[in-house]
Amino acid sequence: MKKTSWRGVGILTIAMVMVLTACSTGSKGGQESKSSATSSSEGAQQLQKVRYAAFNGVSGLAVNFGAEKGFFKEEGLDVEFVTTQNPIESLTSKDVDIADVATTTAIIAAGKGAPIKIVSSMFRTKGPFYLVAAPGINSVEELKGKKVGAAAFGSGLDVYTQVILKKHGLSKTDVTYLANGANEAAYASLTSGQVDATIIHEPFASLVEVNGKGKILAKGWDYLPTFHTGVLASSNEVIAKKPELIEKLLRAYFKSQEYAKSHPDEYKTYFLSKIKIDPAAVDKAFEREKVLWENNPDVDKKALQDTQQVQLELGLQDKIYDVDKIIDLRFIPKK
């Protein structure tokens, strides 16, 4: 009879135990890894994706600043900033969920049947526009026969330019009326002599003064105090299917604006990292526009009516639209 080698059995047993232990450990490790991945995935899923088309340039800087500060994440949002030249088209094509829109653009689009609604005012609603002129021109009346830049025909800046001229006894036929672009383009057209005066935003109005390239002849909101210039709009589909998305974004939007306004030094540092301009011009611009930075999300219906009336008188709108049919203010953050 063949003897059993207990030594061999012992070695075999130990080997089997090690294999089983390894398998058990590997299986457990796999479960832990899967659990960790699931946990991470669940954490990521807590942030709701939102595609937001903020205004380009200076007007959209504070919300980008707010995103970097984490205000959108605080509201449970993973915000994607989308650049678009046509916010209405982007809303209706479902490329964005919510967008900054010129008030007149939103009114006319919604009034003509575009499936969108105004859901809030922007951080400011009065026209932050300035008519600036080259050195030697000291009044609006002196622009007669001169070249005047109106940014883009049909825009809010065009409206303000025409109204300012009219209130000083001039019309656009009394000057050479040009579409010369906005911001940097408008500033360059003035300093290069392509135009004698132009409508322009801050901080370029202040830059004109700081650099001695001209002077401010008129502030837009003095001439059209109830002309509404900026809203946030969303598509009817997003409003119906994702109302919480709009509420969260509006809260993050106004958190961003409030923080930027109340921390001017910190915001100025961020501003100058994005816009390469003389810091002295930024200081003047911030100070001058404090009065416009209202951070009031409510939409004044009378202001929308006044805005449409001005548009109608200038031939930029063919009828007055029913305001109640183009706004939905249920999502405005509660104070």
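Which residues of helix H13 (residues 279-288) are buried? In this predicted model, the buried residues of H13 are Ala281, Val282, Ala285 and Phe286. Seen down the axis of H13, these residues fall within an arc of 130 degrees, so they line one face of the helix. That face packs against two other helices, H8 (204-210) and H12 (264-274). At the N-terminal end of H13, Asp278 acts as a cap, with a side-chain oxygen 2.9 Å from the backbone nitrogen of Ala280.

A wider view helps to place this helix. The protein has 335 residues, and buried residues make up 47% of them. Its secondary structure comes to 14 helices and 10 strands. Among contacts with a separation of 6 or more, 79% join residues 24 or more positions apart. The accessible surface comes to about 16,700 Å², and carbon and sulfur atoms account for 54% of that area.

The surroundings of H13 can be followed further through Pro203, found in the loop between strand E8 and helix H8. With a relative accessibility of 1%, under the 20% cut-off, Pro203 counts as buried. Leaving aside neighbours within four places in sequence, Pro203 is in contact with Val58, Phe271, Ile277, Ala281 and Ala285. Two of these names, Ala281 and Ala285, have already appeared among the buried residues of H13. The C-alpha atoms of Pro203 and Asp278 are separated by 9.2 Å, although the two residues stand 75 residues apart along the chain.

Empty space is the next topic. Rolling a probe the size of a water molecule over the atoms shows where such space is left. The structure holds 1 cavity of 30 Å³ or more, and about 250 Å³ of space lies in the largest cavity. Its lining is made of 19 residues, and those nearest its centre are Val58, Arg124, Phe286, Glu289 and Trp293. Helix H2 (61-69), H12 and H13 are the elements that give two or more residues to this lining. Phe286 thus links two parts of the description: this residue is buried in H13, and Phe286 also lies among the residues nearest the centre of the cavity. Val58 appears twice as well, as a contact of Pro203 and as one of the residues nearest the cavity centre.

The largest pocket has a volume of about 950 Å³. Of the 39 residues lining this pocket, Phe55, Asn56, Ala102, Leu157 and His201 are the closest to its centre. At least two lining residues each come from strand E3 (98-102), helix H5 (103-111) and helix H6 (156-166).

His201, like Pro203, belongs to the loop between E8 and H8. Its relative accessibility is 14%, and His201 therefore counts as buried. Beyond neighbours within four places in sequence, the contacts of His201 are Pro128, Phe129, Tyr130, Leu157 and Asn183. One of these, Leu157, is also listed with His201 among the residues closest to the pocket centre.

A last residue to visit is Ile88, which is found in helix H4 (residues 87-92). At 12% relative accessibility, Ile88 counts as buried. Not counting residues up to four places away in sequence, Ile88 touches Val101, Thr105, Ala106, Ala109, Ala114 and Ile116. The C-alpha atoms of Ile88 and Asp100 are separated by 9.5 Å, with the two residues 12 residues apart along the chain.

Methods: Residues are numbered from 1 along each chain as its sequence is written. This is a predicted model: local features need pLDDT of at least 70, side-chain atom pairs count only at pLDDT 80 or more; totals for chains, interfaces and linings use all residues. Side-chain values use heavy atoms; hydrogens and water are left out. Buried means under 20% relative accessible area, exposed over 50%, partly exposed in between (1.4 Å probe, protein chains only). Helices (H or I, at least four residues) and strands (E, at least two) are DSSP runs, numbered from the N terminus. The arc is that of the directions from the helix axis to the C-beta atoms. Contact means heavy atoms within 4.5 Å. A polar contact is a pair of N or O atoms within 3.5 Å; within protein, one must be able to donate a hydrogen and the other to accept it, and residues adjacent in sequence count only if both atoms are side-chain atoms. Accessible areas come from the Shrake-Rupley method with a 1.4 Å probe; for residues, only the protein chains shown count as cover. On a 1 Å grid over the protein atoms alone, a cavity is a set of points where a 1.4 Å probe fits but cannot get out, and a pocket is an open set with protein on both sides within 12 Å along at least five of seven lines; lining residues have an atom within 4 Å of a point. Grid points are joined across faces, edges and corners, and a volume is the space filled by probe spheres set on the points.
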